[in-house]
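Welcome! Here is a short round of questions and answers about the model below, with the reasoning spelled out step by step.

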Amino acid sequence: MLSIRDANPDDAAGISHIYNHYVTTTISFEEIALTASEMSQRIVDGTEKFPWLVIVHDGVVDGFAYASPWRVRSAYRFSVEVSVYLAPSAIGRGLGAQLYENLLDRLCKLGVHVVIAGIALPNELSIHLHEKMGFRKLAHFEQVGFKNGQWIDVGYWQKFL
């Protein structure tokens, strides 16, 4: 059975397992794997203001998505940054789109106006997902990250709710 629900600290082990796969790649700019305890704290802190969601299949977390403030100044309060991560075995099954549909609906109900997604490049799968969900590319920053011995570009996609 497949379900999408609010993430909670009990999901931290499953979420960190998925996320730590990306820590070894250039998709995440994080360079040190997170413990379940560290991820649990991120969930607690993150859910104070915006949703964190998990997609669960037969009791196993297959992916997660969340929103966080775009910037700290008050005038940015209607803009958020979003992220989605899937277990490698869950890619290509439409789960990312399902997570985003749910997350975007929740954000709209919270009065969010603009949703922004930063994508480390190249990443054709993520670009495809975001554009399928109605995001459009607005910016491309060259060589802003350095990881795994290489410079990495980041593009920014935006969607109005």
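A nonpolar core is a set of buried Ala, Val, Leu, Ile, Met, Phe, Trp, Tyr and Cys residues joined through side-chain atoms within 4.5 Å. The model shown here is predicted.

Q: Which residues have the most contacts inside the largest nonpolar core?
A: They are Phe-64, Val-82 and Leu-107, in a core of 45 residues. Helix α3 gives the largest share of this core, seven residues.

Q: Why is Asp-62 called buried?
A: Buried means under 20% relative accessible area. Asp-62 has 8%, so Asp-62 counts as buried.

Q: What makes the contact between Arg-93 and Asp-62 a salt bridge?
A: The cut-off is a side-chain nitrogen of Lys or Arg within 4 Å of a carboxyl oxygen of Asp or Glu. Here the N to O distance is 3.2 Å, so the pair qualifies. Arg-93 lies in the loop between β4 and α3 and Asp-62 in strand β3, so this salt bridge ties together parts 31 residues apart in sequence.

Q: Why is Lys-109 called exposed?
A: Exposed means over 50% relative accessible area. Lys-109 has 66%, so the label fits. Its salt-bridge partner, Asp-105, has 38% and is therefore partly exposed.

Q: Why are Asp-105 and Lys-109 separated by about one helical turn?
A: Because they are four residues apart in helix α3. An α-helix has 3.6 residues a turn, so residues three or four places apart point the same way. The side chains of Asp-105 and Lys-109 meet at 3.1 Å, N to O.

Notes:
Residues numbered from 1 in each chain as written. Predicted model: local features only at pLDDT ≥ 70, side-chain atom pairs only at ≥ 80, totals over all residues. Heavy atoms only, no water. Buried < 20%, exposed > 50% of the residue type's maximum accessible area, 1.4 Å probe, protein only. Helix = DSSP H or I, 4+ residues; strand = E, 2+ residues; numbered from the N terminus.
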